[in-house]
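Let's walk through this one from the inside out, starting with the empty space and ending with the charged pairs.

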Amino acid sequence: MEAPESLHALIGGHRSTALIYVAAKLRLADLLARKPASSHELAEQLQVNGDALHRILRGMVAVGLLREANGKFALTAIGECLRTDVAGSLYQYAILTGVEYAPAWAALLCSVQSRGVPFEKIFGMNVWEHRERNPELGRLFQQSLAEQTRSLARALWRIYDFSPAATIVDIGGGTGELLRCILERNPQAQGIVTNDSPNRFRAETGDFFQRIPADADIYLLKSVLHDWDDARCCQILQCCREAMKQTSRLLVIERQNPQHAADDAATVLMDLHMMAVQGGRERTQAEFDKLARSCGLVTVQARKIDKGFWLMEFAPWSAA
């Protein structure tokens, strides 16, 4: 593809995003999972404008979500990923992108011009407040994280031994999916998650900027630090250090920003996503080490897990 055509395709990325959002919002993938259907049949089921839907379905064919034959539309392999009943579904991500992420990215220039977090400029509140006011979005966000976490947990088991731990605390652990997966393999441990959670482990509400349950053997921080700037990260890590006993370990699971952007494009784009949506950032190993040292923690090891994520183990400075 020649350079102008390549750039044209990049500029037009918003069209694919919009079509994917419409497909997710209408749950077209669930409807078409049963059998192919015409635009007229789908319009009757959905009670929407038939002409507009037909044109949109053709657009979905153009971007690869659907295929068309004999006047009926069917899912492609890509479109299947929007079904709500399949493992690894991207349905939640598509909805969140259409409602929250795409508008924030459209205001990315605010960051360069030092005018604050783009999301907050668009919505007049931070992303957590927005999800409190729109609880369905909060639920979809937690579901999206849980999908990601299940596959990550399997890779984590292969590189870290949790068997000596009697108590494991998942800090800011959402629905507790990571902790649940760990406890399935380590039934000897008691689990605590500092958010709402199922009954398999104890839940403790509270602010992880203020207090974290004390004296656990292992503390988990998965995809938490990248939500925040350095000052707020230090508050979290200091709370961790205050809660830890000498033998405790803090496991931080995050992406690591590469030295060269081409080495890990997904993490580079995620770094921009954090800047646009939450005012956070992805960090290098050196940056994590520096934050930890400033809070009385020292790096024990850092190992790559899977899908761009790393496991970083930290201990109290005096115990290292």
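The lining of the largest cavity has eight nonpolar residues, one polar and no charged ones. This is a predicted model, and the cavity in question holds about 50 Å³ of space. Its walls come from A23, L28, A29, M60, L65, L66, L75, G79 and L82.

Some of those names come up again in the largest nonpolar core, a set of 32 residues in which L28, L42, L57, M60, L66, L82 and V277 touch the most other members. Two or more residues each come from α2, α3, α4, α5, β2, α7, α11 and α14, with α7 giving the largest share, six residues. Take L42 as a way in: leaving out residues up to four places away in sequence, L42 touches L28, L31, L32, A37, L53 and L57. Apart from this core lies another, of 29 residues, including W228, L237, C240 and L250.

Now for the charges. The count comes to 13 salt bridges. R83 is a nice place to look: R83 meets E80 at 3.0 Å, N to O, and also forms a salt bridge with D85, again with the closest N and O atoms 3.0 Å apart. E80 is partly exposed at 30% relative accessibility, whereas D85 is exposed at 55%.

Further along, R249 pairs with E313, the closest N and O atoms being 3.8 Å apart. R249 sits in strand β7 and E313 in strand β9, so this bridge ties together parts that are 64 residues apart in sequence. Here E313 is buried, at 7% relative accessible area, while R249 is partly exposed at 21%. Finally, E147, R150, E177, R180 and E184 are linked in a network of salt bridges.

Notes
Residues numbered from 1 in each chain as written. Predicted model: local features only at pLDDT ≥ 70, side-chain atom pairs only at ≥ 80, totals over all residues. Heavy atoms only, no water. Core = buried A, V, L, I, M, F, W, Y, C linked by side-chain atoms within 4.5 Å. Buried < 20%, exposed > 50% of the residue type's maximum accessible area, 1.4 Å probe, protein only. Helix = DSSP H or I, 4+ residues; strand = E, 2+ residues; numbered from the N terminus. Contact = heavy atoms within 4.5 Å. 1 Å grid on protein atoms, 1.4 Å probe; cavity = no way out; pocket = protein on both sides within 12 Å on 5 of 7 lines; lining within 4 Å. Points joined across faces, edges and corners; volume = space filled by probe spheres on them. Nonpolar A, V, L, I, M, F, W, Y, C, P; charged D, E, K, R; others polar. Salt bridge = Lys/Arg side-chain N within 4 Å of Asp/Glu carboxyl O.
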